[in-house]
Amino acid sequence: MHPLLLLLLATAHGLDKLSYKPTLVGGNVEGRMTGSTFVLEQPRCVFDSYSTANIWLVVATREGMDAFNDSAQPGMPEWSFQRFPTNTSAYLTLGAMQYHYGCPKPDRELTVLRVGSETDCADNISVPNCNGPLPGPGPYWVKFLALNGSEPTATTEWSGPITLKTAREPQSIPGTGGARSGAMIAITAILSVLLAILLAALLATLCSSEACGVGSFRPDAASIRRYNTHHVYDQPAARL
């Protein structure tokens, strides 16, 4: 369906614009952001007036924020995860009934959404709404869309830009540059030599006395045998 026609349909249906803006979960959550995933707060108490709606998460690139139409339907190939971001600039995922995001928020319960956590369907075109790993660092923008059947009924604002973690180049890690690495090797060699000298001096100090079993040799007097030769006489010559 032509994007302009979809936009006109969404306007005709009286789409509600909600002031809620999706946010990342607080920094104390493990794995809040990785190289292919990020964690959002659930939209608790946001869609209480839409009890029969399904709530979908829309993930988009910068271009996708303008290109995505709120009349898009889950399962449409043009808005599938497998085409993102090369052949489409946005996709729908993590569909849930409204009651999953009801009020009030459960006490002492972590209510979050991890985006990008499903690896088994990432290449499966039969699962267009796969919550697959994000293909790059981004940035990405997200929003929630409420659909009552095929009719869009409400949408939130777009989030701020979300940029994922990236692996640091070896040159950017302190101590791994060429000149700095050479200096570190030289310092390490010098320290090793100094340590060896220190150990040798310590051993020499400890062994300067009988502590190492080395000292003046004094044979035990009891072990010396004295031989008296006064009983030895000349033997007469053997008689023939």
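# Worked exercises on a predicted chain

Gly149 is located in the loop that lies between strand 6 and strand 7 (151-155). The model to which this residue belongs is a predicted one, and the exercises below begin with this loop before they move to the sheet, the disulfides, the rings and the surface.

**Exercise 1. Decide whether Gly149 is buried or exposed, and state how far its C-alpha atom is from that of Asn54.**

Solution. Begin with the relative accessibility of Gly149, which is 55%. The cut-off for an exposed residue is over 50%, so Gly149 counts as exposed. Then turn to the pair of residues: Gly149 and Asn54 are 95 residues apart along the chain, and their C-alpha atoms are separated by 7.7 Å.

**Exercise 2. Give the secondary structure content of the chain and the order of the strands in the open sheet.**

Solution. The count for the chain is 3 helices and 7 strands, and, when these are read along the sequence, the pattern is α-β-β-β-α-β-β-β-β-α. Next, the open sheet has 5 strands, arranged in the order 1-7-6-3-4 with mixed pairing. Its edge strands are strand 1 (16-17) and strand 4, each of which pairs on one side only. Within the sheet, strand 3 pairs with strand 6 (residues 141-148) in the antiparallel sense, over 7 bridges. As a detail of the bridging, Ala60 has Trp141 in strand 6 as its bridge partner.

**Exercise 3. Find how many disulfides there are, and work out which parts of the chain the link of Cys45 and Cys103 ties together.**

Solution. With sulfur atoms required to lie within 2.5 Å, the count comes to 2 disulfides. One of them joins Cys45 to Cys103, with an S to S distance of 1.5 Å. The torsion about the S-S bond of Cys45 and Cys103 is about 120°, and the disulfide is therefore right-handed. Cys45 lies in the loop between strand 2 (38-41) and strand 3 (54-60), while Cys103 lies in the loop between strand 4 (90-97) and strand 5 (112-115), so the pair ties together parts that are 58 residues apart in sequence.

**Exercise 4. Characterise the link of Cys121 and Cys130, and classify the cysteines of both disulfides as buried, partly exposed or exposed.**

Solution. The disulfide that joins Cys121 to Cys130 has an S to S distance of 2.0 Å, and with 75° about the S-S bond this link is right-handed. For the classification, recall that buried means under 20% relative accessible area. Cys121, at 6% relative accessibility, counts as buried, and Cys130, at 0%, also counts as buried. By contrast, Cys45 has a relative accessibility of 35% and counts as partly exposed, as does Cys103 with 42%.

**Exercise 5. State how many aromatic pairs there are, and determine the geometry of the pair made by Phe47 and Tyr50 and of the pair made by Phe68 and Trp79.**

Solution. The count comes to 7 aromatic pairs. For Phe47 and Tyr50, the ring centres are 6.3 Å apart and the planes stand at 70°, so the pair is edge-to-face. Phe47 is buried at 1% relative accessibility, and Tyr50 is buried with a relative accessible area of 14%. Phe68 and Trp79 likewise form an edge-to-face pair, with 5.1 Å centre to centre and 70° between the planes. Both Phe68 and Trp79 lie in the loop between helix 2 (62-67) and strand 4, so the pair ties together parts that are 11 residues apart in sequence. Phe68 has a relative accessible area of 8% and is buried, and Trp79, with 12%, is buried as well. Beyond these pairs, ring pairs link Phe81, Phe84, Tyr91 and Tyr140 into a cluster.

**Exercise 6. Identify the residues that make the nonpolar surface patch of about 690 Å², and place Ile190 in the secondary structure.**

Solution. The patch is made by Met184, Ile187, Ile190, Leu191, Val193, Leu194 and Ile197. Ile190 has its place in helix 3 (residues 178-206). With a relative accessible area of 53%, Ile190 is exposed. To set this against the chain, buried residues make up 33% of its 240 residues.

Definitions and conventions: Residues numbered from 1 in each chain as written. Predicted model: local features only at pLDDT ≥ 70, side-chain atom pairs only at ≥ 80, totals over all residues. Heavy atoms only, no water. Patch = residues over 30% accessible without salt bridge, like charges linked within 9 Å, V, L, I, M, F, W, Y side chains within 5 Å. Areas by Shrake-Rupley, 256 points an atom, 1.4 Å probe, with all protein chains shown as cover. Salt bridge = Lys/Arg side-chain N within 4 Å of Asp/Glu carboxyl O. Helix = DSSP H or I, 4+ residues; strand = E, 2+ residues; numbered from the N terminus. Buried < 20%, exposed > 50% of the residue type's maximum accessible area, 1.4 Å probe, protein only. Phe/Tyr/Trp six-rings, centres within 6.5 Å; stacked < 30°, edge-to-face > 60°. Pairing = 2+ DSSP bridges.
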